Amino acid sequence: MNDDKYERTLEELEQHACKWWPREVRKEAQKISILHTLLDTQEKFISILKLADKNNANNLFEILDASNFAYNLFLKHLVVLTDFGSEPLQRINKNFTNMFPTGKLVYNTGTGKKLYRLYNRWSRQFFQNISRQCSM
């Protein structure tokens, strides 16, 4: 066996490692899972999407504020919907100023290009907070 108890070979890990979470840990994880919250708020999330004006991104924030729907919860729904995990979100956070050097996002809704200023609400700090919460 390796002298350093923290460095084991793959074979040693196979002999000593626990390959599955114990039942108690699984039960505890289920209690704090975001899944229940997402299921409970799914109808409200869909309603917000239906109300949002695709030609006015600021409208979405107005709806979120008016409905008291947390930004991080809305983003978590989007992450699940798009299968966009917290790791890519962390990359956006780390490369935010490189990806959006002007602080603007230009997108096309099918009726022409739209401009959205990211720094008025979606600043680097916002992405840091969201990506931290999504990785929990």
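A residue counts as buried when its relative accessible area is under 20%, as exposed when that area is over 50%, and as partly exposed in between. By that scale Ala-57 of helix 4 is partly exposed, because its relative accessible area is 22%. The model in which this residue sits is a predicted one, and helix 4, which spans residues 57-67, offers a convenient route through it.

Before following that helix, it helps to take in the whole chain. The protein chain holds eight helices and two strands, and from the N terminus on its elements run α-α-α-α-α-α-α-β-β-α. Of its 136 residues, 24% are buried, while the accessible surface comes to about 10300 Å², with 54% of it belonging to carbon and sulfur atoms. Among contacts between residues at least 6 apart in sequence, 54% join residues at least 24 apart. The mean pLDDT is 78, and 81% of the residues reach 70 or more; among the elements, helix 3 has the highest mean value, 91, and helix 8 (residues 124-134) the lowest, 51. Where pLDDT is low, the predicted coordinates should not be read in detail.

At the start of helix 4, Ala-57 is in contact with Tyr-107 and Tyr-116, once neighbours within four places in sequence are left aside. Its C-alpha also lies 8.9 Å from that of Leu-115, although the two residues are 58 apart in sequence. Tyr-116 belongs to strand 2, where Leu-105 stands opposite it. Strand 1 (residues 104-108) and strand 2 run antiparallel and are joined by five bridges, and in their hairpin, which has four residues between the strands, Gly-110 takes a positive phi near 100°.

Further along helix 4, the buried residues are Asn-59, Leu-60, Phe-61, Ile-63, Leu-64 and Ser-67, and they pack against helix 3, helix 5 and strand 2 (113-117). In soluble globular proteins, nonpolar side chains tend to be buried together. Here the largest nonpolar core has nine residues, namely Leu-38, Phe-45, Ile-48, Leu-60, Ile-63, Leu-64, Phe-69, Leu-73 and Phe-74. The elements that give two or more residues to this core are helix 3 (34-51), helix 4 and helix 5 (71-82). A second, separate core has six residues, among them Phe-61, Phe-100, Tyr-116 and Leu-118. Helix 4 thus has buried residues that include Leu-60 and Phe-61, of which Leu-60 belongs to the largest core and Phe-61 to the second one.

The helix ends at Ser-67, whose side chain reaches the backbone oxygen of Leu-64 at 3.2 Å. Beyond its neighbours within four places in sequence, Ser-67 is in contact with Lys-44 and Ile-48.

What backbone angle does Asn-68 take just after helix 4? Phi of Asn-68 is near 55°, a positive value in a residue other than glycine, whereas a negative phi is found in most residues other than glycine. Asn-68 is found in the loop between helix 4 and helix 5, and it is classed as exposed because its relative accessible area is 69%, a value over the 50% cut-off. Phe-69, by contrast, is a member of the largest nonpolar core. Not counting residues up to four places away in sequence, Phe-69 touches Thr-41, Lys-44, Phe-45, Ile-48, Leu-64, Phe-74 and His-77. Lys-44 and Ile-48 are contacted by Ser-67 and by Phe-69, residues on either side of the exposed Asn-68.

Methods
Residues numbered from 1 in each chain as written. Predicted model: local features only at pLDDT ≥ 70, side-chain atom pairs only at ≥ 80, totals over all residues. Heavy atoms only, no water. Polar contact = N/O pair within 3.5 Å; in protein donor to acceptor, adjacent residues only side chain to side chain. Contact = heavy atoms within 4.5 Å. Core = buried A, V, L, I, M, F, W, Y, C linked by side-chain atoms within 4.5 Å. Buried < 20%, exposed > 50% of the residue type's maximum accessible area, 1.4 Å probe, protein only. Areas by Shrake-Rupley, 256 points an atom, 1.4 Å probe, with all protein chains shown as cover. pLDDT = per-residue confidence, 0-100. Pairing = 2+ DSSP bridges.
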